[in-house]
Amino acid sequence: MNAVSRLPIWKRPFAAASHARRRLGAERHEPAPFIVGVNRSGTTLLRLMLDAHPDLTIPPETHFLPEMIRLARRDNATRRRVLKTATDHPRWGDFGLDEDALLARLREVKPLTPEGAIRCFYDMYAEKEGKSRWGDKTPRYMRAMPRIQRALPEARFIHIIRDGRDVALSQAERALEGRVPPITEVAERWKRRIETARVHSTDLDNYLEVRYEDLVGDPEATLREICKFIELPWNPAMLDYHQRAAERLTEMDRDLGTGENGPVRTGDERLAGHAMTSEPPSTDRCGRWQEEMPAADEAAFERVAGGLLADLGYKLLNPAAPSSNGGAA
């Protein structure tokens, strides 16, 4: 186990990597934050906070980066095929970008490389938003972090973690009717994804874990740490993110097709899932599992993931539950 990984989450240094690699002679790009985490852990909240900075913008979830990287690495890859990876994706309409303009930019990348293709997309989005820097918020990229870093050296990963029992309640509220999985399945998935991300973190140059509870409990201190990690000057506008959250989220006011998530989610449903980001940060929903989760579900979740909950500093109903190594290697 990496010595860094044994520290409590709130005492970890900014870069929790097994070794730092530097590309000598390579052009330096501004650090690009990539927000990852289990769904309903506060990734959208953190996205909107950082996006409120006058220099930084973060688009809606992308999802197509791993395939774009794979195609751009192929010797016979064409720019049109790389383009279609993005434009054929159900989420392409969220970005408000012109397909032909992106193709023109890709044609300027010679030779075609994964990092060149990726930067074309994000640079174009940042220009549309009038910002000089960009990042990403796609929760599922927690499983693709090493691949993204190899393609994009400036990527810096921010893994936001929330008490899994509160995550379970929030996911159940957002689940389509009749699709709420058993609590043990939710606990296993929460535990597995966090542990997998921690294992991947040992191959990363820049990885930071942030607790949702700290973000809403002391947003300025937590955001200042994140700004230091991504080399972004502090700006108090990030604390007023809620004043423009509704406007930023209008990009998602469109139906999302069945390309990846099964049944269609309407624009109203997508916006409803992030309605609370239009309010100032609050700890009201921290620890709500203690009042709202059935005792049987509490016990079942703890049996599966109690060790990891304890490692992360969360309260247990049964403190004698076996400890977990947290999955960090």
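Tutor: Welcome! A contact here means heavy atoms within 4.5 Å. This is a predicted model, in which local features need pLDDT of at least 70 and side-chain atom pairs count only at pLDDT 80 or more, while totals for chains, interfaces and linings use all residues. Residues are numbered from 1 along each chain as its sequence is written, and side-chain values use heavy atoms, with hydrogens and water left out.

Student: Let's start broadly: how many helices and strands are there in the protein?

Tutor: Both are DSSP runs numbered from the N terminus: helices are H or I with at least four residues, and strands are E with at least two. Counted that way, the protein has 14 helices and six strands.

Student: What percentage of the 329 residues of the protein count as buried?

Tutor: Buried means under 20% relative accessible area, exposed means over 50%, and partly exposed lies in between, using a 1.4 Å probe and protein chains only. For the 329 residues, the buried share is 52%.

Student: Is strand β1 largely enclosed or not, and how many of its residues are buried?

Tutor: Strand β1 covers residues 32–36. Ala32, Phe34 and Val36 point one way, Pro33 and Ile35 the other way, and all are buried. The strand is therefore largely enclosed by the rest of the structure, with a buried count of five of the five.

Student: Which residue in β5 does valine 36 stand opposite?

Tutor: Two strands pair if DSSP finds at least two bridges between them. β1 pairs in the parallel sense with β5 (residues 155–161) over five bridges. In β5, the residue opposite valine 36 is histidine 159.

Student: And in β4, what is the bridge partner of isoleucine 35?

Tutor: β4 (residues 136–137) also pairs with β1 in the parallel sense, over two bridges. Within β4, the partner of isoleucine 35 is lysine 137.

Student: What covers the buried residues of α14?

Tutor: The buried residues of α14 include Glu298, Phe301 and Leu309. Their cover includes α7 (164–174), α8 (183–201) and α13 (289–292).

Student: On which residue is the kink in α14 centred?

Tutor: The bend at a residue is the angle between axes fitted to the seven residues ending there and the seven starting there. In α14 the kink is about 80°, and its centre is alanine 305.

Student: Is glycine 313 buried, exposed or partly exposed?

Tutor: Glycine 313 sits in the segment after α14 (295–311), where it takes a positive phi of about 90°. Its C-alpha atom is 10.0 Å from that of arginine 211, 102 residues apart along the chain. Because its relative accessibility is 38%, glycine 313 counts as partly exposed.
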